[in-house]
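User: I would like to know how the labels used for this model are decided. Please set each value against its definition.

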There are 2 protein chains.
Amino acid sequence: MAPSDSDAIFSALADPTRRAILSLIGEHEELTAGEIAAHFDSLGRTAVSSHLRILRLAGLVAERRDGRFRHYSVTPTPADAVVAFLTSVYQNSLEQLASAVQGAATPEDVPVGRVEERSA
Amino acid sequence: MAPSDSDAIFSALADPTRRAILSLIGEHEELTAGEIAAHFDSLGRTAVSSHLRILRLAGLVAERRDGRFRHYSVTPTPADAVVAFLTSVYQNSLEQLASAVQGAATPEDVPVGRVEERSA
DNA sequence: TCTGTTTGTCAATACTTGCGCACACATGTT
DNA sequence: AACATGTGTGCGCAAGTATTGACAAACAGA
């Protein structure tokens, strides 16, 4: 199976700790790795660093290096992959409001493309 | 950490095969386990059954027993948990879509509250 | 400059979890 | 009884996670 971007994103979101980290970063503009690690007593810096690496490889967060610090922030775009998948599955119950969103947002940017699927 | 629903949902969505199964069911109204298994040459019935069990426990699919067959369909509501999380992180770029989704699925149940988070 | 400290990651190791398969079992049909 | 449909169980293998120890990079102070 082609290791598409969705794989990395959904795998990254599968871990509760990573979702908590993502939420934590989302509450602020930027956070250093140390500030993030400080919020998790039960985790060492290595574990947090590893999680941040996975989030970064998935494109969910961006890192800005400033001296010996590394500031992490949320990247807005990659949620599209998740929304695209949900849209493709829940078309029936969502197509109405999809058109509503189209009217409100950009009409052409509504990817209903298929997600990966093993050919039989 | 409280094993909230989000855990089961995101874990279920983490596997590419399960996402493919979910997409496959979403393309049709209902599918039996055998029909689903027929679409995946590289998977036995046991594996597909196991995936369906996980999807069912996560509330992503519903099963209707008809004789010796079991018809699976997509349940529309549980996408709320995913959208709720995405909303909390990507408030800016998704609030329109999120409000639209919540309005169509569960109008009164609008949990934009915090996702689980380890207290420091 | 030269230590010493802080920040963050890398490497190697144990532990846990998850996936897929083979087999057996339960249920329903003919 | 014989067959078909699906699932539960146990096993082997792979992947992910957290920890310990060590390392590179950047700053502060004497």
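Analyst: The turns below go through the labels one by one. This is a predicted model, in which local features need pLDDT of at least 70 and side-chain atom pairs count only at pLDDT 80 or more, while totals for chains, interfaces and linings use all residues. Residues are numbered from 1 along each chain as its sequence is written, and chains are lettered from A and ligands numbered from 1 in the order in which they are written.

User: Why is A:Arg53 called exposed?

Analyst: A residue is exposed if 12 or fewer other C-beta atoms lie within 10 Å of its own, buried if there are 20 or more, and partly exposed in between, with C-beta atoms placed from the backbone. A:Arg53 has 12 C-beta neighbours inside 10 Å, so A:Arg53 counts as exposed. A:Arg53 sits in helix 4 of chain A.

User: How much of chain A is buried?

Analyst: Chain A has 120 residues, and 32% of them are buried.

User: What makes up the secondary structure of chain A?

Analyst: Helices (H or I, at least four residues) and strands (E, at least two) are DSSP runs, numbered from the N terminus. Chain A has six helices and three strands. Along the sequence their pattern is α-α-β-α-α-β-β-α-α.

User: Which residues are closest to DNA strand C, and how many surround DNA strand C?

Analyst: A residue is near a strand of DNA, or a molecule, if its C-beta atom, placed from the backbone, lies within 6 Å of it. DNA strand C is surrounded by 21 residues, the closest being A:Thr32, A:Gly34, A:Ser49, B:Gly67 and B:Arg68. Helix 4 of chain A gives the most to this surface, with five residues.

User: What kinds of residue form the surface near DNA strand C?

Analyst: Ala, Val, Leu, Ile, Met, Phe, Trp, Tyr, Cys and Pro count as nonpolar, Asp, Glu, Lys and Arg as charged, and the others, Gly among them, as polar. The surface near DNA strand C has five nonpolar, 10 polar and six charged residues. For DNA strand D the division is six nonpolar, 10 polar and six charged.

User: Which element gives the largest share of the surface near DNA strand D?

Analyst: Helix 4 of chain B does, with five residues. In total, 22 residues surround DNA strand D.

User: Why are strand 2 and strand 3 of chain B called a pair?

Analyst: Two strands pair if DSSP finds at least two bridges between them. Six bridges join strand 2 (residues 61-66) of chain B to strand 3 of chain B, so the two strands pair. They run antiparallel, and B:Asp66 has B:Phe69 as its bridge partner.
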